[in-house]
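Biologist: Could you take me through how the helices pack in this model? I'd like a close look at that part, with anything nearby in the record that helps me place it.

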Amino acid sequence: MKKFTSVSDVENLQEIIKKALKIKENPHSEPEKGKGKTIGLVFLNSSLRTRLSSQIAAQNLGLNVLTLNAAQEAWNLEFADGSVMNGDTVEHIKDAIEVLNQYCDIIAVRCFAGLKNKEDDVNESILSQFERYAKVPVISLESATRHPLQSLADCITITENWQEKRKPKVVLTWAPHIKPIAHAVGNSFTEWIQQMDVDFVITNPEGYDLDKNFTKDIKVIHNQDEALKDADFIYVKNWSSFDDYAEMPEVKENWMLTNEKLKNTNQAKVMHCLPVRRNVELSDEVMDGENSIIYQQAKNRIFSAQSVFSEILDEMNSN
C-alpha cells in the first residue's frame, strides 16, 4: 500500500479486515515496525476519534507522532495556485507540505468539505494538493468526499458481528440534523460496502440522494420503514442535499431512528460514526440500547488505522 485515500488503495479488503481483527487481538504485536520513522497528523478540522485512534495506532507500531492542529496552530494557509498573497494568508500549502516532506515519513491529513463550492469539494481541492506535493505516503483522515479509515472500521465492525451464512442486509439511513452536513461518511461507506458480500440499501428523503458516482446502481428507497424491513445492520448518518448542493430541503416525516422503527428489522445492530446529536439523529433508547454497536465501532477506529499504517510501513520497509 503506497497511500490510503479510498477503497481503491486497498488490494484486498477481506485481507486487511482479517489483519485488523488480528491486530485487535494483540495491538502491541509490532512495536518496532515504525521505529525511526515519523508520521505527521495534520488536522485542518476538529477531531476526537480520528485524532486519538491515529495516535494510539501509530504509537502501537513504534512510530514517532507529530500532531499539528493546522487551523489553530499554524500560519493561515493559502490554497489557490498563482495567488498574490497580500491578504490574511501567510503560507502557501505547497510550501507547508514541502516542509512536512522534510520532517515526516508519512503525512496524514484531515480536511472537510467547505459546502460552499461543489466543484471544489468534488475535486478534493485540499487533499489533492497534499497528494500532488507530498513526496511521502499520504493518508486521508477524512476529506471532502470520503472518510476511508472510518469506512474500514465500519467493515471490520460488520464482519465481527456477523456469523450467519446468509448475506446480511445493511441499510444506510439518512437522519435529521440542525445544519448542513457533508457527504463524506455516506459516500465512503457506500463505496466500501459495495466491496462486501452484503445486501445493501440506502434510504433517504426525496432531495437527499447522494452522488451517483458513489451510489452507482445501489437501490435508494425514499420510504424509511420500507427500507428498514428485515435489516440486520442500520448505519445512521445525516448529509445535506448533493443535487441542490449543501441545502436542506424540508422533510415532513420523522426520520429519527427509534426502538419503534427497529421492530420492523431483524433485531438490527445500529451503527453511527459519531459524534451524534442525541434525540435528533437517533433516540437515547437506541443509542444506549442493546442493539447499539456504536462504541465498538468507535474502538475499531484504532485497528482500522493500525492496519493501514502497518501496510504502508511494510511497503516502505520493502524498498
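Modeller: Here is a walk through three helix pairs, followed by the annotated residues and a couple of backbone oddities.

Keep in mind that this is a predicted model. Let's start with helix H7, residues 148–160, which packs with helix H1, residues 13–25, at an angle of about 75°. Their axes are 10 Å apart. An angle of 65 to 115 degrees counts as roughly perpendicular, so H1 is roughly perpendicular to H7. On the H1 side, the residues that touch are Leu13, Ile16, Ile17, Ala20, Leu21 and Lys24. They meet Leu152, Cys155, Ile156, Thr159 and Glu160 of H7. Sorted by class, that contact between H1 and H7 has eight nonpolar residues, one polar and two charged.

H7 also has a partner in helix H8, residues 184–193. Here the axes come within 9 Å and cross at roughly 50°, which makes H7 oblique to H8. The crossing of these two helices is right-handed. From H7, the contact takes in Pro148, Ser151, Leu152, Asp154, Cys155 and Ile158. From H8, it takes in Ser188, Phe189, Trp192 and Ile193. The tally for H7 with H8 is seven nonpolar, two polar and one charged. If you're clicking through residues, try Leu152 and Cys155: they meet H1 residues, and they also meet H8 residues.

Now for the third pair, helix H2 (residues 49–60) and helix H13 (residues 294–318). These pack at an angle of about 50°, with axes 8 Å apart, and H2 and H13 are therefore oblique to each other. H2 passes H13 in a right-handed crossing. H2 brings Arg49, Thr50, Ser53, Ser54, Ile56, Ala57, Ala58 and Asn60 to the contact. H13 answers with Ala298, Arg301, Ile302, Ala305, Gln306 and Phe309. Split by class, the contact of H2 with H13 has seven nonpolar, five polar and two charged residues.

What does the record add? In an unreviewed entry, UniProt lists residues 185–309 as "domain: Aspartate/ornithine carbamoyltransferase Asp/Orn-binding". In the model, that span is 34% helix and 13% strand, and the C-alpha atoms at its ends lie 21 Å apart. The unreviewed UniProt entry also puts a "binding site" annotation on Glu142, His177, Lys237 and Arg277. Among the residues lining the largest pocket are Glu142, His177, Lys237 and Arg277. As for Glu142, you'll find that residue in strand S6, residues 138–142.

Two backbone spots are worth a look while you have the viewer open. The peptide bond from Leu274 to Pro275 is cis, with omega near 0°. Pro275 sits in the loop between strand S11 (269–271) and helix H12 (284–287). The other spot is Lys216, which has a positive phi of about 50° although it isn't a glycine. You'll find Lys216 in the loop between helix H9 (212–215) and strand S9 (219–221).

How values were computed: Residues are numbered from 1 along each chain as its sequence is written. This is a predicted model: local features need pLDDT of at least 70, side-chain atom pairs count only at pLDDT 80 or more; totals for chains, interfaces and linings use all residues. Side-chain values use heavy atoms; hydrogens and water are left out. Axes are lines fitted to C-alpha atoms, for helices over the stretch in contact, and angles run from 0 to 180 degrees between N-to-C directions. Helices (H or I, at least four residues) and strands (E, at least two) are DSSP runs, numbered from the N terminus. Angles under 35 degrees count as roughly parallel, over 145 as roughly antiparallel, 65 to 115 as roughly perpendicular and the rest as oblique. A crossing is left-handed if the near helix is turned anticlockwise from the far one by less than a right angle, and right-handed if clockwise. Contact means heavy atoms within 4.5 Å. Ala, Val, Leu, Ile, Met, Phe, Trp, Tyr, Cys and Pro count as nonpolar, Asp, Glu, Lys and Arg as charged, and the others, Gly among them, as polar. UniProt positions are given in the numbering used here, feature names are shortened, and annotations may be inferred rather than shown by experiment. On a 1 Å grid over the protein atoms alone, a cavity is a set of points where a 1.4 Å probe fits but cannot get out, and a pocket is an open set with protein on both sides within 12 Å along at least five of seven lines; lining residues have an atom within 4 Å of a point.
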